[in-house]
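Please open the structure in a viewer and keep the selection tool at hand. The tour proceeds from one selection to the next.

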Amino acid sequence: RRYGQKGAAHLTVFSRGNFMKKFLVALMLVPLLSMAHTNFSFDLNWMKVRAKTKEDRTKIANTGVVIESVHDGYVVVLAKLQEKAVLDKMGIVEVSFPLDMQMMDFPSNDSNFHNYAEITDAIVDLQNKNSDIVHVYSIGKSVEGRDLINIMITNDPANELNKPGIVFLGTHHAREHLSTEMPLMLAQYLADEYRKGNKDIQRLIETRVIYIIPMVNPDGVEWDISTGSYKMWRKNRIRNANGTFGVDLNRNYGFGWGGEGSSSNPSSDIYRGPRPFSEPETTAVKDFIESRPNLTTLLSFHTFSKLILYPYGHTYDPIPDQTDRRVHEVMAQTMAQWNGYTPQKSSELYLAAGDTTDWSYGTRKLISFTFELDPGSMFEGGFYPGQSYIPLVFQKNLNPSLYLIEHADNPYRVLQPLHERVGLSTPLVQ
C-alpha cells in the first residue's frame, strides 16, 4: 500500500578484492544478510566497527553514529559521511558499504502497519466499542500539530489518580514501526478480554489505570512512509538552526541530558536538541507523567535487538538504591523468560544520555524499562522486518506487559517470596 516495491538484492561495496564476499560469509555466522531495495538514496553507510568493551562502544556512539546492534568484538552502525570519516580515522572500521536505493528490500505488502490516520481510527473505534473502560484524549501536539493520543483504560475514570498506574510508550523513533503495533494491540487485547469476561483482565482494569501512548513521534512516522518507500528516518521533524531536520526524542529527556552517547550536531541521528525537553513531543510526555502521581511503572517500546533494558543509560554506575536496582533486575529477568530477550542495564551496551527511562526513574522513581523488540539484528530485517512480525512480537511480549500491569500496584512485591505475593504469579497467557 505505501511501502516500496520488492526487488532483487544488490550491494555497492567499496572494498578491495573479494573482501566483501568474505565479510558476507562471515556475517552468516551472525544471521544472514537479508536486504535488497527501496527507493531512496542518501549519505548513509552500514559499518562493522571493532569494539570489545562498553567503553569502546561509547567512544563510537560519541561520534554521532547510531549503534544498531552489538556483537562480541564489534558493533554494526549506521553512519553519515562525516561520521564515517571520523571512524575511518580512528582505524577501527572493519567493513563499510553505502546504504543506497539498491540496497534494501522492504515488503511490498505491509498494510497491517498503522500510519497516523489509521491508528487514530483504530483508537476511536476501540473507544466507541468499549466506552465504559476506554477513554481517549490528546496529551499534546507534535511539531506539525498532530495529536499525541493517549488510551486510558480503567472502569472508573473519576478515581483515576487514586489507583496505581502504568504507562506504555511507543514509537519515539519514526522507523520503529513495530513499536507502534505492540502498544496498540495491547490496548485492543485488554478491551477484548474484558468484554469476554476474562476475570484476570477484569481485575487488572478495575484496580489499576493503564495508559497507552502508541505513537510519540507521529510526524517522523508520516515522513518515513510519505513517498511509498521507507526513508530510515529516526528523529522528529523540527527544523534545526542549520537547516537540517529532527531531534532524537530519546536523547531529549532531562535527566543526564547532554552527556555521552548523544550529539550536539543537528545533522546527527542522535542529536539531543538545543536543551532538555526542547521538543513538544517530549514536553508532552513529561507533563503527562508529572501530572500523574499514581504512576509507578513505565515501559517504552523500541526496535530492534531483543533486549530488556533498565536504567541507567547515561552512566556506567548502577542505580544507587540497591532495592530499586534489584526490582529492575528481578523484573527484567522474569520477563526475559517469556520473550527470550536479553535483560541488562542500558549502559552495559554503551552510554546514551537523555533517554526516557533514565528520566522517568531518575526524577519520578518509576520502575522503568525499554524493550528493544524483534528482530535480533539488521540482518533479520532490522527496522522493517515485514508485517508477519506483528503477531509474533505481540505474543512474545504480552505476558511481560501483563506482568508489569499486575505489579503496578507495588512493583516491590517482586522481591517477596512467591508464596507471599498477592495476585498473579504465573503466566496469564498459555
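In which sense, and over how many bridges, do strand β1 (residues 44-50) and strand β3 (residues 74-80) pair? The two strands pair in the antiparallel sense, over seven bridges. The model is predicted, so local features need pLDDT of at least 70 and side-chain atom pairs count only at pLDDT 80 or more, whereas totals for chains, interfaces and linings use all residues. Residues are numbered from 1 along each chain as its sequence is written, and side-chain values use heavy atoms, with hydrogens and water left out.

**First stop: the four-stranded sheet**

Select Met47 and look across to β3, where Val77 stands opposite. Helices (H or I, at least four residues) and strands (E, at least two) are DSSP runs, numbered from the N terminus; two strands pair if DSSP finds at least two bridges between them. Strands of a sheet pair through backbone hydrogen bonds, either parallel or antiparallel.

Now show the whole open sheet, whose four strands follow the order β2-β3-β1-β4 with antiparallel pairing. Because β2 (66-71) and β4 (93-99) each have a single partner strand, they stand at the edges, and one side of each is left without a neighbour in the sheet. Neighbouring strands of this sheet are turned by 20° against each other on average, direction ignored. Axes here are lines fitted to C-alpha atoms, for helices over the stretch in contact, and angles run from 0 to 180 degrees between N-to-C directions.

Next, add helix α2 (residues 54-61), which packs on the sheet and touches β1, β2 and β3; contact means heavy atoms within 4.5 Å. The direction of α2 makes about 160° with that of β2. Then add helix α3 (residues 81-90), which lies across β1, β3 and β4 and runs at about 140° to β3.

**Second stop: a link from α2**

Select Lys54 and Glu348. They form a salt bridge, with the closest N and O atoms 3.1 Å apart. Lys54 lies in helix α2 and Glu348 in the loop between β11 and α10 (356-364), so the pair ties together parts that are 294 residues apart in sequence. The structure holds 23 salt bridges, each being a side-chain nitrogen of Lys or Arg within 4 Å of a carboxyl oxygen of Asp or Glu.

**Third stop: the eight-stranded sheet**

Show the open sheet of eight strands, ordered β5-β6-β8-β7-β9-β12-β10-β11, with mixed pairing. The edges are β5 (134-141) and β11; each has a single partner strand, so one side of each is left without a neighbour in the sheet. The twist averages 20° from one strand to the next. Within this sheet, β9 and β12 pair in the parallel sense over seven bridges. To view this pairing, select Thr297, which stands opposite Ile367 in β12. Helix α4 packs on the sheet, touching β5 and β6, and its direction makes about 30° with that of β6.

**Fourth stop: pocket and cavity**

Which residues are the closest to the centre of the largest pocket? Of the 39 that line it, they are Phe304, Ser305, Leu307, Leu349 and Glu372. On a 1 Å grid over the protein atoms alone, a pocket is an open set of points with protein on both sides within 12 Å along at least five of seven lines, and a cavity is a set where a 1.4 Å probe fits but cannot get out; lining residues have an atom within 4 Å of a point. About 670 Å³ of space lies in this pocket. Grid points are joined across faces, edges and corners, and a volume is the space filled by probe spheres set on the points. The largest share of the lining, six residues, comes from β2.

Turn next to the second largest cavity, with about 40 Å³ of space. Its lining consists of Tyr116, Ile119, Ile123, Asp147, Leu148, Ile149, Pro214 and Met215. The elements that give two or more residues to this lining are α4 (116-129) and β6 (147-153).

**Last stop: backbone details**

Select Pro311 and Tyr312, joined by a cis peptide bond with omega of about 5°. Tyr312 lies in the loop between β10 and α9 (322-339). Another cis peptide bond joins Asp374 and Pro375, with omega of about 0°. Finally, select Phe277, whose phi is near 55°, a positive value in a residue other than glycine.
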